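Open the structure in your viewer and keep the selection tool ready. This tour tells you what to pick at each stop and what is there.

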Amino acid sequence: MDLNVKAAPLLISNSSYQIPVSFWNPSDVIRDFSTCYKSRLASNAMRKEVLSGKAKFGIEGGGKELPQVALARFFQKGDYFSGYYRDQTFAMALGLATVEQLFASLYGDTKQDPYSAGRQMNNHFATPFVDEEGKWLDHTQQYNIASALSPLAGNITHALGLALASKKFREQPDMHQAALFSHQGNEVSICTVGDATTSEGVFFEALNAACVMKVPLIYVIYDDGHGISVPTKYQTTKESISDILEGFRIDDRGEGAYLYTAKGWDYEGLCRVFSEGIQQSRTTHRPAVFHIQECTQPNGHSTSGSHERYKSAERLQWEKDTDGIDAFQRWIVEEKIASHEELEELKASIRLEVKASIKQAWKLYTHPVKQAVSEVKSLYVEIIQQQQLEEEVIQHMKTLQSLFHPVLADVIKHVESSLMMLLGQQSEGIRRLGRWQERMQDSFDKTYGSELYSDSARSALKVQEIPAIYEPDAPHVNGFEVLNKNFDQLFDTYDHLYAFGEDVGKIGGVNQALAGLQAKFGENRVFDTGIREWTIVAQAIGMAMRGLRPIAEIQYLDYIHYAISPLADDLASLRYRSNGQQISPTIIRTRGHRLEGIWHSGSHLGMLIHALRGMYILVPRNMTQAAGMYNTLLQSDDPALVIECLNGYRQKEQLPANLGEFTVPLGIPEVLEEGTDLTLVTYGSCIRIAKTVLNLLKKKGISVELIDVQSLLPFDRNHRIVESLKKTNRIIFLDEDVPGGATAYMMQQVIEQQGGYRYLDSPPMTISAKASRPPYGTDGDYYCKPQPMDVFKVIIDMIEEAEPNNVY
């Protein structure tokens with residue numbers, strides 16, 4: 001291999017761009033070399049820390065150092081970066097990661113890890129997008145690193161939306177708070193992936209979307225010839241992602257993406273390619289793909305396992321001979337930027353620096369553990385002195401000191417084991433040991449249990465309730481018209497509000513809730529997308545991370561399966577995994593419950609409430625309730641999924657006078673009918689079924705209290721359902737999900753969490769749909785979904801069991 005080649009060929013026609021001479025400042029080149037070497041030493045040490053038992057598991061970016069320092073050269077403040085888990089050199093080059101911080105993250109140090117406070121695996125970087133009060137920071141004055149994800153291709157999700165936001169800011173430079181988020185749209189969104197990740201469908205889906213929408217999404221693909229142990233020939237057609245992307249190459253009309261290649265060991269070539277390509281994308285707002293070939297992975301995929309198991313001896317020797325840092329050192333000497341001796345002296349000083357940093361990171365991490373061991377040891381000594389203990393207990397206590405590299409959890413578990421062995425014995429020392437354990441549990445609750453949802457002043461749960469107001473002569477209109485007029489008001493109020501999805505733009509949605517709004521507010525704010533649910537959600541997540549307020553529509557709830565990965569892995573976890581440093585108040589709008597057929601009758605709420613913790617899931621019974629929920633959400637900083645009733649758009653509703661203003665509180669059930677014999681808990685389209693049954697039961701002298709939960713996440717925050725159960729002593733949970741789905745969740749919340757079991761005179765019951773999806777046609781819908789007779793019979797059976805002598 002010829003290491004004297006200065007630049008890899010550009011795969012674009014206009015490659016005349018020249019890097020300014022000042023770029024080659026010797027001190028900057030040496031700084032890049034220092035960063036690369038420091039990063040490599042850190043990578044090597046990470047494996048040793050795991051193998052020695054100091055860390056649990058690690059992943060690092062060895063072999064990708066040169067592309068990352070070159071990329072960092074052209075990444076500007078105000079730009080956005082969506083990495084995966086090999087970007088440590090990039091973060092170090094920008095001054096966003098020190099060796100000490102890298103190892104704090106490796107150890108899971110909740111105090112010293114600035115990226116996730118120990119919640120994520122190491123090498124998952126993030127910078128704050130909001131301050132401690134949840135207020136937006138000035139993104140234009142900082143390097144913006146979106147919180148990374150472990151699932152491969154997961155970072156592509158928000159990267160597309162971050163790029164789309166630049167387009168929106170360019171289209172509306174005077175938008176609300178635009179100065180905090182954009183240099184008039186002149187920023188890029190860079191997404192790094194490994195070559196094997198390009199086999200994921202969303203890679204192509206997002207690239208296609210970026211080309212269609214013309215947004216500055218930049219893919220940087222690190223190609224080391226493998227996806228873990230699987231070589232490229234089993235991953236990629238023609239063994240080259242560059243070759244198969246030829247159809248995406250930008251044409252004379254500006255349609256498509258810029259395509260570039262470079263070698264992972266060629267510092268000068270990498271700098272030239274990134275300099276030209278990033279500037280090109282920044283100015284033209286066209287996507288770009290950088291295929292960085294011939295990268296190496298000297299330490300294997302992770303700190304666990306060995307790449308010697310699956311790489312041939314020839315490949316291993318090639319990686320050694322092609323090492324980028326060695327090539328960089330030779331290039332620096334050849335260019336007379338520094339001598340070999342000077343570089344060796346520099347490397348020696350870096351080795352000392354890295355060793356000291358790792359030692360300091362370990363010291364800071366283990367200090368509270370040592371303190372905890374000391375406290376517990378003292379308590380153990382006190383207990384042994386105060387009590388006559390069995391020898392087994394004494395020996396167990398003495399094993400505390402022998403724990404090998406313990407973490408706090410090890411110490412707590414040791415104490416808990418001791419407390420179980422000491423059950424039945426009493427002393428002040430034992431009581432103090434119990435209090436110590438409780439304090440540690442409380443500490444863990446605060447450390448790991450926070451930031452799943454917002455607790456800021458803009459939390460959706462803190463939005464003031466404003467009831468809908470009706471004029472005496474308020475007209476009765478179709479439900480979709482309530483939504484339409486409410487959305488009209490919202491688009492007038494919020495100039496950073498957007499709505500998009502399949503059929504959303506020109507025709508205003510399949511149910512007309514956005515009809516006419518594109519004509520009124522412009523195609524840039526209400527627009528159509530392709531049929532691509534994953535990246536519809538992706539657009540919204542990234543846009544909301546930059547202060548915009550998107551409402552992304554998934555046409556039917558059944559199609560949300562395509563978007564579960566970005567919703568569950570990215571959106572629902574963003575606040576939590578960044579420890580509150582990043583937010584994305586995305587609103588996902590869809591419709592479900594009753595219609596007909598397997599694919600247009602979705603009510604699979606059980607799956608959603610378990611997969612999407614970190615989002616709110618709202619289930620309005622009509623369009624007025626839905627409108628109030630949108631009004632609430634737009635005053636908050638929480639993400640949510642709103643599921644409208646498919647059979648509610650043509651139902652008549654009274655039109656509120658305070659459109660765009662009235663709000664519906666989240667997690668507060670509404671009692672629709674008072675009753676004394678039984679409590680019926682449901683939501684959505686089942687409300688109408690329940691009301692039909694209640695009218696029949698009244699004639700039989702049975703009084704049922706009907707409660708609409710309104711939202712499943714959050715659920716009944718004021719325990720209103722238990723208050724009803726105290727009165728009726730019987731309860732039924734009704735919905736259209738499969739057996740054991742959301743009804744089981746609601747029952748667990750009321751009976752177990754809220755202590756409702758204390759007030760039961762009859763076993764709690766659930767009524768749900770059949771386990772299968774509804775067959776097509778009205779007969780299939782009748783068979784599979786709960787009908788009034790199903791509800792009527794369960795209620796009658798429950799009442800007759802309690803009062804068998806009553807005749808109705």
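**Stop 1: His405**

Select His405. Is this residue buried, partly exposed or exposed? His405 is partly exposed, because its relative accessible area of 26% falls between the 20% and 50% cut-offs. Keep in mind that you are looking at a predicted model. Now find the surroundings. His405 sits in the loop that runs between α13 (391-398) and α14 (408-421). Check the backbone too. The phi angle of His405 is near 45 degrees, which is a positive value in a residue other than glycine. Most residues other than glycine have a negative phi.

**Stop 2: Lys238**

Jump to Lys238. Here is another positive phi in a residue other than glycine, near 65 degrees. Lys238 is in a loop as well, between β6 (230-231) and α8 (241-244). Show the surface. Lys238 has 62% relative accessibility, so it counts as exposed.

**Stop 3: the bond before Pro714**

Select Leu713 and Pro714 together. What kind of peptide bond joins them? The bond is cis, with omega at about 0 degrees. Most peptide bonds are trans. Pro714 belongs to the loop between β20 (711-713) and α24 (720-728).

**Stop 4: the whole protein**

Zoom out. Count the elements if you have the patience: the protein has 27 helices and 22 strands. Its C-alpha atoms fill a box of roughly 100 × 85 × 45 Å along the principal axes. How does the radius of gyration fit a compact globule? For 808 residues, such a globule would have a radius near 28 Å; the protein has 30 Å, which agrees. Colour by accessibility next. Buried residues account for 59% of the 808 residues.

**Stop 5: Arg40 and Glu65**

Salt bridges come next. The protein has 40 of them. Begin with Arg40 and Glu65, and show their side chains. They meet in a salt bridge, 2.8 Å from N to O. Arg40 is in helix α1 (residues 26-51) and Glu65 in helix α2 (residues 65-73), so the pair ties together parts that are 25 residues apart in sequence. Are these partners buried or exposed? Arg40 is buried, with a relative accessible area of 10%. Glu65 is buried too, at 2%.

**Stop 6: Glu382 and Arg432**

Move on to Glu382 and Arg432. Their side chains form a salt bridge at 2.6 Å, N to O. Which helices does this pair link? Glu382 lies in helix α12 and Arg432 in helix α15 (residues 428-448), so parts 50 residues apart in sequence are tied together. Compare the cover on each partner. Glu382 counts as buried at 18% relative accessibility, because buried means under 20%. Arg432 is partly exposed, with a relative accessible area of 37%.

**Stop 7: Arg591 and Glu553**

Now try a pair in strands. Arg591 makes a salt bridge with Glu553, and their closest N and O atoms are 3.0 Å apart. Arg591 is in strand β13 (residues 587-592) and Glu553 in strand β12 (residues 549-553), so the pair ties together parts that are 38 residues apart in sequence. Both partners have little accessible area: Arg591 counts as buried at 1% relative accessibility, and Glu553 counts as buried at 2%.

Next, select Asp28, Arg31, Asp32 and Arg73. What joins these four residues? Salt bridges with shared partners link them into one network.

**Stop 8: Glu438**

Go back to helix α15. Glu438 lies there. With 48% relative accessibility, Glu438 counts as partly exposed. Use the distance tool from Glu438 to Ile412. Their C-alpha atoms are separated by 9.6 Å, while the two residues are 26 residues apart along the chain.

**Stop 9: a charged patch**

Finish on the surface. Select Lys355, Lys359, Lys363 and Lys370. What sort of charge gathers here? These four lysines form a patch of positive charge on the surface. Centre the view on Lys359, which is part of helix α12 (residues 340-386). You met this helix at Glu382. Lys359 has 64% relative accessibility, so it counts as exposed.

Definitions and conventions
Residues are numbered from 1 along each chain as its sequence is written. This is a predicted model: local features need pLDDT of at least 70, side-chain atom pairs count only at pLDDT 80 or more; totals for chains, interfaces and linings use all residues. Side-chain values use heavy atoms; hydrogens and water are left out. Patches are made of residues with over 30% relative accessible area and no salt bridge: like charges are joined within 9 Å, nonpolar side chains (Val, Leu, Ile, Met, Phe, Trp, Tyr) within 5 Å. Accessible areas come from the Shrake-Rupley method with a 1.4 Å probe; for residues, only the protein chains shown count as cover. Lys and Arg count as positive and Asp and Glu as negative; His and the chain ends are not counted. The place of a charge is taken as NZ of Lys, CZ of Arg, CG of Asp or CD of Glu. Helices (H or I, at least four residues) and strands (E, at least two) are DSSP runs, numbered from the N terminus. Buried means under 20% relative accessible area, exposed over 50%, partly exposed in between (1.4 Å probe, protein chains only). The radius of gyration is taken over C-alpha atoms; the globule rule is 2.2 Å times the number of residues to the power 0.38.
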